[in-house]
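Biologist: Thanks for sitting down with me over this one. Could you show me the model so that we can walk through it together?

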Amino acid sequence: MCLRIPCSEAPEEVGGAEFMQIYRSREVGQSYITSVGTTLVAIAHALWLMIKIRPQVILCNGPGTCIPLCVIAFLFKVLGIRWSSIFYVESIARVRKLSLSGLLLYKLHMADQLFVQWPQLKEKYPRAHYVGRLM
C-alpha cells in the first residue's frame with residue numbers, strides 16, 4: 001500500500017510519520033463497470049492528499065489503492081510539478097507476470113523505479129529492476 005490505513009478516520013502520527021486513510025479505487029470482486037465511479041472518487045481524494053501532504057516518495061507494493069496516488073503524482077510530473085518519486089515493489093507472489101497495478105505503472109511509464117523479486121519477471125519486463133526476494 002502507499003499509505004497504511006489506521007482504524008480511525010483521523011490522521012494518526014507515529015514516529016514522525018503520518019498515517020491517513022485513502023480510498024480504494026476498486027474492491028476485491030467489484031465489477032470493472034462500477035469501479036469507474038469509485039476510481040474517480042479515489043483519484044479526487046488522492047489529488048487532495050497530494051496537494052496537502054506533498055510526499056517526496058510514494059512507495060507502493062501492489063494493491064490497487066496506490067494507483068490513484070500514482071496517477072496524480074504522474075500527472076504532476078507531466079505538468080512540471082514534481083513533488084513525488086514513485087517506487088513500486090511488485091509482490092513476491094508475482095512470479096510469472098505483474099499484477100494489474102504493476103502492469104499499469106510499467107506500461108504507462110508511471111513508476112520512476114519498478115522492482116521485481118523474481119529474475120523471470122526482469123526478463124519479461126526489461127525496464128524493471130530485479131532485486132531478489134525482499135521478504
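Biologist: Let's start with strand β4: how many of its five residues are buried?

Modeller: Happy to, and please keep in mind that this is a predicted model. Strand β4 covers residues 85-89 and is mostly covered. The number of its five residues that are buried is four.

Biologist: Which strands pair with β4, and in what sense?

Modeller: Strand β3, residues 57-60, pairs with β4 over four bridges, and Cys60 stands opposite Tyr88 there. Strand β5, residues 113-116, pairs with β4 over three bridges, with Phe87 opposite Gln113. So the partners are β3 and β5, and the sense is parallel for β3 with β4 and parallel for β4 with β5.

Biologist: What is the handedness of the crossover from β4 to β5?

Modeller: Between β4 and β5 the chain passes through helix α3, residues 100-107. That makes a β-α-β crossover, and its hand is right-handed.

Biologist: Cys60 caught my eye. Is it buried or exposed, and why?

Modeller: The cut-off for buried is under 20% relative accessible area. Cys60 has 1% relative accessibility, so it counts as buried.

Biologist: How many disulfides are there in the whole structure?

Modeller: A disulfide needs two cysteine sulfur atoms within 2.5 Å. For Cys66 the nearest cysteine sulfur belongs to Cys60 and is 3.5 Å away, so Cys66 is in no disulfide by that cut-off. Cys66 is also buried, because its relative accessibility is 0%. Across the whole structure, the search gives a count of zero.

Biologist: Which helix or strand supplies the largest share of the largest nonpolar core?

Modeller: That core has 27 residues, and those with the most contacts inside it are Met50, Ile58, Tyr88, Leu105 and Leu114. At least two residues come from each of α1 (32-53), β3, α2 (66-78), β4, α3 and β5. The largest share is eight residues, and it comes from α2.

Biologist: Which residues does Leu114 contact, leaving aside neighbours within four places in sequence?

Modeller: Leu114 sits among the residues with the most contacts inside the core. With those sequence neighbours set aside, its contacts are Tyr88, Leu98, Gly102, Tyr106, Ala128 and His129.

Biologist: UniProt marks "transmembrane region" at two spans; what is the helix content of each?

Modeller: The unreviewed UniProt entry places that feature at residues 32-51 and 71-89. In the model, the end C-alpha atoms lie 28 Å apart for residues 32-51 and 16 Å apart for residues 71-89. Residues 71-89 are also 26% strand, while residues 32-51 are 0% strand. The helix content is 100% for residues 32-51 and, for residues 71-89, 42%.

Notes. Residues are numbered from 1 along each chain as its sequence is written. This is a predicted model: local features need pLDDT of at least 70, side-chain atom pairs count only at pLDDT 80 or more; totals for chains, interfaces and linings use all residues. Side-chain values use heavy atoms; hydrogens and water are left out. Buried means under 20% relative accessible area, exposed over 50%, partly exposed in between (1.4 Å probe, protein chains only). Two strands pair if DSSP finds at least two bridges between them. A crossover is right-handed if, with the strands pointing away from the viewer, the path from the first strand over the helix to the second runs clockwise. A nonpolar core is a set of buried Ala, Val, Leu, Ile, Met, Phe, Trp, Tyr and Cys residues joined through side-chain atoms within 4.5 Å. Contact means heavy atoms within 4.5 Å. UniProt positions are given in the numbering used here, feature names are shortened, and annotations may be inferred rather than shown by experiment.
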